[in-house]
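Subject: Structure handover

Hello,

Here is the structure I said I would pass on. Please open it beside this email and follow along as you read.

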Amino acid sequence: MLNMIRHGSATDLPPLVIVHGLFGSARNWGVIAKRLSDRREVIAVDQRNHGDSPRSESHSYPDMAADIAEVIESLGGKADVLGHSMGGKAVMVLALTRPDLVNRAILADIAPVTYTHSQSGNIEAMRAVDLTQVEKRSEANDQLAAHISDPTLRSFFTQSLDLQNKRWKLNLDVLDAEMPKIIGFPQIDGQFDGPALFLSGANSDYVQAEHRPRIKELFPNAKFAKLPGCGHWLHAEKPREFEAAVRAFLDLTA
């Protein structure tokens, strides 16, 4: 089963399961998960090939959805589920194929479409780091700077370093090989009739007006909201505003 970090304790409300995006981890969501756990149990997971979860040769959305289904079944069989980016696509596939497990879905800055921006360049940058020369995250950051100009992105990547064992907590080879599946979206004919919030960064281009008909086809009760002043990493750029939007949706549909 996926590695889980649990916050709070079970209440009469459904638990909230948080599913990170590509190169992320459960720990990235620690502050938001802890704050949201004041009213319900919150469980953040490491997806396959990330963090402390098992590694696999496959990184398809049906497989990721099955992983999350196993977690929800272990929690009692029904949960609210929040997913960002790749995690949001996994949550969509779960909701469409196992709607019995999903109470409400929150999809953070992602649509059920195929994108064109491969992340293989960032994988190459991480592969280029000579981990034998790394004792501190700052040293890995310095090496990454030769390939990645954005300091926030470099800091995010180094959170997935296992310094003690001098390895990445990311299965870079499989993520690279499976990149077409990650930026794609499987053909699914199901529908999720429950409440669904598509929450986007106002400065992001991941969820566009032309995506809405397909979203409504799959999620007929979808609602849309944008957080001003932030891009794709909306939960990191505007954490309090993101938390407030998630809380409002969960409370509104409780």
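**The chain as a whole**

In this predicted model, buried residues make up 54% of the 254 residues in the protein chain. The chain forms 11 helices and nine strands. Its radius of gyration is 18 Å, close to the 18 Å that the globule rule gives for 254 residues, so the chain is as compact as a globular protein of that length. Along its principal axes, the C-alpha trace spans about 50 × 40 × 35 Å.

Contacts between residues 24 or more positions apart account for 76% of the contacts with a separation of 6 or more. The exposed area of the chain is about 11000 Å², and carbon and sulfur atoms supply 48% of that area. As for charge, there are 28 positive and 32 negative side chains, and the centres of the two sets lie 5 Å apart.

**Two helices**

Start with helix α2, residues 61-74. Its 14 residues should span 20 Å at 1.5 Å a residue, and its end C-alpha atoms are 20 Å apart, which agrees. The buried residues of α2 are Y61, M64, A65, D67, I68, A69, V71 and I72. Parts of that list can be read with a general rule in mind. An α-helix has 3.6 residues a turn, so residues three or four places apart point the same way.

What covers the buried residues of α2? The cover includes the strands β1 (4-7), β2 (16-19), β3 (42-45) and β4 (79-84), together with the helices α3 (86-97) and α8 (179-183). After α2 comes G76, whose phi is positive, near 125°.

Helix α3 has 12 residues and reaches 17 Å from its first C-alpha to its last, close to the 16 Å expected at 1.5 Å a residue. How many of the 12 residues of α3 are buried? The number is 11, so α3 is largely enclosed by the rest of the structure. Among these buried residues are M86, G87, K89, V91 and L96.

**Two residues in strand β4**

D80 is found in strand β4, and V81 has its place in strand β4. Is D80 buried or exposed? D80 counts as buried, because its relative accessibility is 0% and the cut-off for buried is under 20%. V81 is also buried, with a relative accessible area of 0%.

Leaving aside residues up to four places away in sequence, D80 touches P14, P15, L16, V17, R40, N103, R104 and L250. With neighbours within four places set aside, V81 is in contact with L16, V17, V19, I72, V91, V102, R104, A105 and I106. One of these partners, I72, is a buried residue of α2, and another, V91, is a buried residue of α3. For a pair with more space between them, take V81 and H50: they are 31 residues apart in sequence, and their C-alpha atoms are 19 Å apart.

**Two residues with positive phi**

Most residues other than glycine have a negative phi. F23 has a positive phi, near 70°, and is not a glycine. F23 is found in the loop between β2 and α1 (30-36) and is buried, with a relative accessible area of 3%.

N49 is not a glycine either, and its phi is positive at about 65°. This residue lies in the loop between β3 and α2. N49 is buried, with a relative accessible area of 1%.

Regards

Methods: Residues numbered from 1 in each chain as written. Predicted model: local features only at pLDDT ≥ 70, side-chain atom pairs only at ≥ 80, totals over all residues. Heavy atoms only, no water. Helix = DSSP H or I, 4+ residues; strand = E, 2+ residues; numbered from the N terminus. Rg over C-alpha atoms; globule rule 2.2 N^0.38 Å. Buried < 20%, exposed > 50% of the residue type's maximum accessible area, 1.4 Å probe, protein only. Contact = heavy atoms within 4.5 Å. Areas by Shrake-Rupley, 256 points an atom, 1.4 Å probe, with all protein chains shown as cover. Lys, Arg positive; Asp, Glu negative; His and termini not counted. Charge placed at Lys NZ, Arg CZ, Asp CG, Glu CD. Expected span 1.5 Å × (residues − 1).
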